[in-house]
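Let's take a walk through a protein structure together, one step at a time. Keep the 3D view open and turn it as you read.

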Amino acid sequence: MTFGDVTTEQGLKEFNSYLEDKSYIYGFIPTQADVDTFKSLKKIPAGSYPHALRWYNHISSFSDAEKKTFAVGSCPFKSAPATIQAPASTKKAAGDDDDDVDLFASDEEEDAEAIRIREERLKAYADKKSKKPELIAKSSIVLDVKPWDDETDMKKMEESVRSIGMDGLIWGASKLVPVGYGINKLQIMCVVEDAKVSVDLLQEEIEKFEDFVQSVDIAAFNKI
Amino acid sequence: MLTLYTNDTNPAALKILIAANFGKADVNLKILQVNDKSLEEPKILPYLEITTNRGIFIPNAAARYLYPPVTSEHKCEHWIAWESTILSPLIIHIAGNTKSDTIKTSLNSCLKYLNENVKDRIPLVDNAIQVCDIIIWSTLYPLHKDSNLAAEYLSEFHELNNWMKSFGDRKEVQNALAKIKINAGAGAYVALASGARCTSNVAVNLSASNITQSPQHAVEAITADEVKAAREAWFSDAEKLPPPKDDIYPVLPKPGEKNILITSALPYVNNVPHLGNIIGCVLSADVFARFSRLCNYNTLFICGTDEYGTATETKALEEGLTPQQICDKYFEVHNSIYRWFNIGFDYFGRTTTPEQTKTVQEMFLALNNNGFMQIQAIDQLLCEHCNRYLADRFVEGICPHPGCKYEDARGDQCDGCGKLVNAVELINPRCKVCSKTPVIRNSQQYFLDLPKLEPLLLHWMEKSAPGWSHNASVIAKSWMKEGLKPRCITRDLKWGIPVPVEGFQDKVFYVWFDAPIGYMSMTERYTKQWEKWWRPAADTKVSLYQFMAKDNVPFHSVMFPAMLLGANKNYITVSHLMATEYLNYEDGKFSKSRGIGVFGNDAQDTGIPSDVWRFYLLYIRPEGQDSSFSWVDLATKSTKCNSELLNNFGNFVNRALMFAEKFFNSFVPVMKLTEEDFIFIAREMKGYMYERNEGIRFFFRKS
Amino acid sequence: MSKTVQYLSQIAAYLQVPSGKITFDSFSLPVRTHNNTSVTGFLNIILAYLKESKLDVLLGKTPEDKAEIYQWIEYADLYLQRPNASQIINEHLPRLNGVLLKKTYLASNKLTIADVVLYYVLLSVMANISHIEKEKFVNISRWYDNLQQDDLLRQGNSLINFNTSFLCIIAPAHH
């Protein structure tokens, strides 16, 4: 489901339905998509749109500084360009030459390419939603990363492991678990999309840090 | 400006007002009815409104907010917890049920306890009035005010009485009492209960001390005791261990020992087994059976082929043999395949035996005598062209369930939505053999009265289901939620067990009635003392583990237990129902007719040893969700088989041997273990025992 | 009673503090002992964990936040620990659903320890309610789905499926 221009009654209605089972527009944490949509709303949604109202109250609780730190998120607007450009221009007008990442910068060169990409994302999103539900196959994996000895710098090891980035890989919590003889192993969780991430490849990547890593094992593997 | 909404005479509101006075906050009071329409969720009274969108509906939280603890917060919290979970629920019951002696004694213990604590200390914590005093006092106030109740409960607690009086004289309290009148005794507590809307369970039997231990947190240090235990275990002689049990025949359950009865779902004789069948049923059961024997439990593993039914009948016609000959032929196919896979059945049998006929008929008569059978006339589909009544699997049509419309729904179950179907309900039915439309004939059949058995079944399921795999209990629960209907258990067919009732002798029992009884008759073929397993004596505890793929769950979780319970002969029922999801073949389904998948002897024909197949199948056992067989996975370098067996296990063994050869002259030297070593052993054993106690589900995850 | 121990262990694991030894006093109040100090009471123990974990951001910022948090923990302690599943589904879930219509999280506008506690206490109920019920309690489903995306919170439990846009309850897995 997508929703249209939220400044219209129809769009707002769709938006309300859209938010019925979602706390945020995109994903499970606030993103710029929430900020954009928030800014485009001219007034507080009426009580007859309780989900939109809930969302509105929630987003308005964040300060502007906090809002700047949100990640970019794709915004399933139908008519995107008009609403996104406006904030970009106000930002420039305010004379902000700050060092914050200017997330709206690309909109300055709002061109055919960007529009095409957005439309594509939109279509893909709509396709995904309209098909019979297919959950992205994900797995939650706990990895045991073993060092050579008790002198290995576990902090550096953890940093190296977390530095591995792959599409569809999200690192989770970690802890040090004593194995014996003063040696600790790093137990770290991650969530991977099965289609995108090969666990074997991930293991190999970790084992490349030969200075720290003696071996990597899968301690737990759960499909989610 | 804060507003307190409350129903009349509610001591929880008093609590909040007093707290407001101590905390010097201004609170507006509004009295409402409990059913006032303007109330929004959570609709609990009293409700302290802070802003239009924010408020507190738990009185203690509101009191705390208005007058936070000044010192020793944890002691205050302790008292507050005591008041909310112990004192308050008890006192509310006094309002309702003053006849229960246990409640009276419990309340008495509470008041005694309180009395002890106010003896030298007024107030309760650190000599200054804190919110906990307010909370407890307010809850006791109606009791104290009521002369009858006070006489009954407070007469011997002088210190408590004094405390109630002196606290009540304080101006903050008097001021609050002026704002809201609180009735004495039950009236106030009824208001308290109705405002709260929820009931909390009362803690009774407070004198008994049920001390429960928490599991040690994983990262806590190993205790010295555990290290000592590890050391002792290491050095103790192997002779002290119980000897492994000899292979005896027959294996029988013994009182005082652990007895495990294992079944895997009977494969239909006509269907050539494929990898999915194997991992779903026999292989999983086999691994568990081996484990069970290693643990020295009395273990019996039974399985066999399910042979009655029209499919065999039809196949017989096709091949020009009798049904019995067909069964004999295909039974051998199953038998040899399982033998190659090294499945260690104690007995692999068949349903076409005199024992089966006898047991099925006895079961039917028992259920009939106990009133769990009905006769109804039903419509059955007759294919005039083939001149036979069509068994469910020989009719196909459009699924009748709303919203499904799957075109190839079978006469017993729809593959599209998974729901059970009655063949006569199919839309546009067609005979599977000749594709002609069958006609409907009316015929009398026996029905198992599942609705009558439902209460018994529910009660049993509640106790048994915790031991099942998660998918099994979900499936069973949804079945029960739908409500059970009587299930037809006889058919107008030829190849089957005849119904032992006058007028019904040319009908046979439906395959799902006779198949599970096969477990029992096959045990009987194994040993004449089979009833020791299936109708164990009172002093012998037997656990029944049943393995199957999830499409068999309804029959094993509802039908079969219903039959066993209804027969009322103390038959054992399943305690651990282990169901697997589906195994796909390279992301598609296995299909014999289309030649897709690994069937029968295909595995053997590859030349890959059965142990490797066993390992791989167990590795990809579809537990939480479907999994997929993949040749690439099985064979090539970067994947499971090779990396697990070669790189991990093989490598480990190899390295250990080389190490011994290089440094110890190929001998394993006598070990001198250090403290560190014992700590390591203790830690590993603790982890292992914890995991083992988690039970069979974890067992399979580990394998 | 044993569920209390389980919930506290899970909460401690989330906060990455030792759960300590948990026993029950003569009033059946949970007592946590660690490093020779004891605290008694469900809320009390959770506060102790928070203190040790230094994650007091989970206690919210203002006294109003704190009050709301205390309220939910006491609610969970009083009403959600001991009753059976059907009581929870019939009495408490509708209430919770009504509250969550207007709120993204239980207390204040961020994740707090109140959400964490209720996540664990409601886990077995949420895993077992039917799809129709998940649809009925749409706000709880939204809130719970959001919470469970956090791996630290979920601690390896499998994700509960809140996708209610397919028809049948008993369906075998999609092929």
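**A guided tour of chains B and C**

Before we set off, keep in mind that this is a predicted model. On our way we'll start with one cysteine: at 11% relative accessibility, Cys488(B) counts as buried, because the cut-off for buried is under 20%.

Now for the overall layout. Chain B has 25 helices and 20 strands. Of its 703 residues, 53% are buried. If you take the contacts in chain B with a separation of 6 or more, 76% of them are between residues 24 or more positions apart. Chain C has 175 residues, and 62% of those count as buried. You'll find 8 helices and 3 strands in chain C, and along the sequence they come in the order α-β-β-β-α-α-α-α-α-α-α. For chain C, 63% of the contacts between residues at least 6 apart in sequence join residues at least 24 apart.

Back to the cysteines. How many disulfides does the structure hold over all chains? The count is 0. A disulfide is a covalent bond between the sulfur atoms of two cysteines. Take Cys76(B) as an example: the closest cysteine sulfur to its own belongs to Cys132(B), and at 3.9 Å that is too far for a bond. Cys76(B) is also buried, with 0% relative accessibility.

Salt bridges are another story: a search of the whole structure turns up 35 of them over all chains. Let's visit a few. In chain B, Lys104(B) pairs with Glu152(B), and their closest N and O atoms are 3.7 Å apart. Lys104(B) sits in helix H4 (residues 101-118) and Glu152(B) in helix H6 (residues 147-154) of chain B, so this salt bridge ties together parts that are 48 residues apart in sequence. Both ends can be checked for exposure: Lys104(B) is partly exposed at 25% relative accessibility, and Glu152(B) is partly exposed too, at 43%.

Stay with those two helices for a moment. The axes of H4(B) and H6(B) come within 10 Å and cross at roughly 75 degrees. The two helices are therefore roughly perpendicular to each other. On the H4(B) side, the contact is made by Lys104(B), Leu107(B) and Leu111(B), while H6(B) brings in Glu152(B), Tyr153(B) and Leu154(B). Notice that the salt-bridge partners we just met, Lys104(B) and Glu152(B), both turn up in this contact.

Next, look for Glu581(B) and Lys550(B), whose side chains meet in a salt bridge at 2.5 Å, N to O. This time the partners are in loops: Glu581(B) is between strand S18 (574-580) and strand S19 (583-585), and Lys550(B) is between strand S17 (542-549) and helix H19 (553-567) of chain B, so the pair ties together parts 31 residues apart in sequence. Are these two buried or exposed? Both Glu581(B) and Lys550(B) are buried.

Over in chain C, Arg32(C) and Glu52(C) form a salt bridge, with 2.8 Å between the closest N and O atoms. Arg32(C) belongs to strand S2 (residues 30-34) and Glu52(C) to helix H2 (residues 42-53) of chain C, and the two are 20 residues apart. Arg32(C) is buried, with a relative accessible area of 3%, whereas Glu52(C) is partly exposed at 35%. Salt bridges can also be found across chains: Arg54(B), Asp65(C), Glu68(C) and Lys103(C) are linked in a network.

Now let's go inside. The largest nonpolar core has 157 residues, and the members that touch the most others are Trp82(B), Leu140(B), Leu96(C), Ile113(C), Leu122(C) and Trp143(C). Helix H5 (residues 113-128) of chain C gives this core its largest share, 12 residues. Zoom in on Ile113(C): beyond its neighbours within four places in sequence, its contacts include Ile11(C), Leu15(C), Ile46(C), Leu50(C) and Ile73(C). There is also a second, separate core of 110 residues, which includes Val360(B), Val499(B), Met520(B) and Tyr616(B).

Our last stop is Gln71(C), in helix H3 (residues 63-80) of chain C. Gln71(C) is buried, at 2% relative accessibility. Which residues is Gln71(C) in contact with, leaving aside its neighbours within four places in sequence? They are Gly55(B), Ile56(B), Phe57(B), Ile58(B) and Ala61(B).

Terms used: Residues are numbered from 1 along each chain as its sequence is written. Chains are lettered from A and ligands numbered from 1 in the order in which they are written. This is a predicted model: local features need pLDDT of at least 70, side-chain atom pairs count only at pLDDT 80 or more; totals for chains, interfaces and linings use all residues. Side-chain values use heavy atoms; hydrogens and water are left out. A disulfide is a pair of cysteine sulfur atoms within 2.5 Å. Buried means under 20% relative accessible area, exposed over 50%, partly exposed in between (1.4 Å probe, protein chains only). A salt bridge is a side-chain nitrogen of Lys or Arg within 4 Å of a carboxyl oxygen of Asp or Glu. Helices (H or I, at least four residues) and strands (E, at least two) are DSSP runs, numbered from the N terminus. A nonpolar core is a set of buried Ala, Val, Leu, Ile, Met, Phe, Trp, Tyr and Cys residues joined through side-chain atoms within 4.5 Å. Contact means heavy atoms within 4.5 Å. Axes are lines fitted to C-alpha atoms, for helices over the stretch in contact, and angles run from 0 to 180 degrees between N-to-C directions. Angles under 35 degrees count as roughly parallel, over 145 as roughly antiparallel, 65 to 115 as roughly perpendicular and the rest as oblique.
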